[in-house]
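Trainee: I'm new to this one and would like a close look at a single part of it. Could you walk me through the place where the two protein chains meet, and then show me how the DNA sits against them?

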2 protein chains.
Amino acid sequence: MLSIGKLSEAAGVKVPTIRYYEQIGLLPEAGRSTGNQRLYGPAARDRLAFIRHARDLGFPLDAIRDLLGLSDRPDQPCAAVDSIAKAQLLAVEGRIARLMALKSELERMITQCAGGSVADCRVIECLGSHAHCTTDHGRDLAEVSE
Amino acid sequence: MLSIGKLSEAAGVKVPTIRYYEQIGLLPEAGRSTGNQRLYGPAARDRLAFIRHARDLGFPLDAIRDLLGLSDRPDQPCAAVDSIAKAQLLAVEGRIARLMALKSELERMITQCAGGSVADCRVIECLGSHAHCTTDHGRDLAEVSE
DNA sequence: ATAACTTCTCTAGCAACTAGAGGTTCAAGA
DNA sequence: TCTTGAACCTCTAGTTGCTAGAGAAGTTAT
């Protein structure tokens, strides 16, 4: 049996994060020692590793909750799993596309700046006027978020 | 003079967001009508457009606060502006690199899945074992966030 | 036994907003 | 002029995925 600290080390997930996952129901309530401290077996470690890996791949916790539910029913078809993964892939591709547009605009802004005073700084001017923009990166930055 | 609703339309920033910006000190406190409603002039509109554009480019509000401070002192050299913009460019490039790695791992996972039952789903297996991973995307997802 | 370390619960905070409750004010039509 | 309905006001709380801290209790090593 592992203490929460050992589990934390083993899975590469911080201690408060483990407690947080338990709190939101991603991990089942852990058994307790006589002194009320959490104790974990190998199943908990595997489940936590799964969560961690999925988080590393950018899956939101809700999607991970679904994936865990599916992995508990091995006889079901895996189409649902695939669709979650594909949605995640699409999200990632969207973010990349968006960030590439931002990158080129930032580069353009920066290279145009001659390095004088703020009064004729291209960066400030571009941010202020919006007129020199090539892309219409205007809408919903939220989609870039991870 | 513009009401907050008109300003919202003009700048493409939602009404509660404008109030939020005022609350955190990004926008100065607006003048009020006799009935206590906010009224804005052209200066506020320009400032808000600046903020919006910078947000579209992914600058965090703290950086925008700095940029606004700098743009109010046009006689200063613009090196500070440049360095903020360059930091933002670096951040964007980092996120892109990270997301590209995620994308290829997701693609690999998905294409390997033969589409049977969950029991032999590659996606679930890969998430669980971490052994088939090529990349060590393990550390600090936080850097991808926007 | 005592010190140092870990764990416990609980609350609050981060970014950057968004949503809602419950109450005013404003602009336009009858 | 009155009235309706939209827009405005303040305030609180929620979002995502944690992280930080307080203060108390358990555990481990010497």
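**Where the chains meet, and the DNA beside them**

Mentor: Happy to. Let's begin with the polar side of things: between chain A and chain B there are 13 residue pairs in polar contact, counting pairs with both residues at pLDDT 80 or more. Keep in mind as we go that this is a predicted model.

Which parts of chain A do the touching? Four helices, α3 (42-56), α4 (61-71), α5 (79-112) and α6 (122-129), each bring at least two residues to the side of chain A that faces chain B. The largest share comes from α5(A), which puts in 20 residues. Sort that side of chain A by class and you get 32 nonpolar, 13 polar and 15 charged residues.

Now for the charged pairs. The rule picks out 2 salt bridges across the interface of chain A and chain B. In one of them, Lys103(A) pairs with Glu93(B), with 3.5 Å from N to O.

As for the overall extent, 60 residues of chain A are in contact with 60 residues of chain B. About 5000 Å² is buried between the two chains, and carbon and sulfur atoms give 74% of that area.

How are the two chains related? Turn chain A by 180 degrees, with 0.0 Å of shift along the axis, and it superposes on chain B with an RMSD of 0.1 Å. That is the relation of a two-fold axis. Both copies use the same surface here, as 100% of the contact residues of chain A recur in chain B.

On to the DNA, taking strand D to begin with. It has 18 residues around it, and the closest are Thr17(A), Tyr21(A), Arg55(A), Gly5(B) and Arg19(B). Of the atoms of DNA strand D that come within 4 Å of the protein, 90% belong to sugar and phosphate. You can pick out some of the phosphate contacts yourself. The side chain of Arg55(A) has an N or O atom 2.8 Å from a phosphate oxygen of strand D. From chain B, Ser3(B) places a polar side-chain atom 3.0 Å from a phosphate oxygen of that strand, and an N or O atom in the side chain of Arg32(B) is 3.1 Å from a phosphate oxygen. Two elements give two or more residues to this surface: α2 (15-23) of chain A and α1 (4-11) of chain B. Of the elements, α2(A) gives the most, with 3 residues. By class, the surface near strand D has 5 nonpolar, 8 polar and 5 charged residues.

Then look across at DNA strand C. Here there are 19 residues around the strand, and Gly5(A), Arg19(A), Arg38(A), Thr17(B) and Tyr21(B) come nearest. Sugar or phosphate makes up 90% of the strand C atoms within 4 Å of the protein, with bases making up the rest. Try following chain A along this strand. A backbone N or O atom of Gly5(A) is 2.6 Å from a phosphate oxygen of strand C, and Arg38(A) also offers a backbone N or O atom, 2.7 Å from a phosphate oxygen. With Arg32(A), an N or O atom in the side chain lies 3.1 Å from a phosphate oxygen. The elements that each supply at least two residues near strand C are α1 (4-11) of chain A and α2 (15-23) of chain B. This time α2(B) gives the most, with 3 residues. The surface near strand C divides into 5 nonpolar, 9 polar and 5 charged residues.

Notes: Residues numbered from 1 in each chain as written. Chains lettered and ligands numbered in written order. Predicted model: local features only at pLDDT ≥ 70, side-chain atom pairs only at ≥ 80, totals over all residues. Heavy atoms only, no water. Contact = heavy atoms within 4.5 Å. Buried area = accessible area lost by both parts, 1.4 Å probe. Salt bridge = Lys/Arg side-chain N within 4 Å of Asp/Glu carboxyl O. Polar contact = N/O pair within 3.5 Å; in protein donor to acceptor, adjacent residues only side chain to side chain. Nonpolar A, V, L, I, M, F, W, Y, C, P; charged D, E, K, R; others polar. Near = heavy atom within 4 Å. Least-squares fit on C-alpha atoms with pLDDT ≥ 70 in both.
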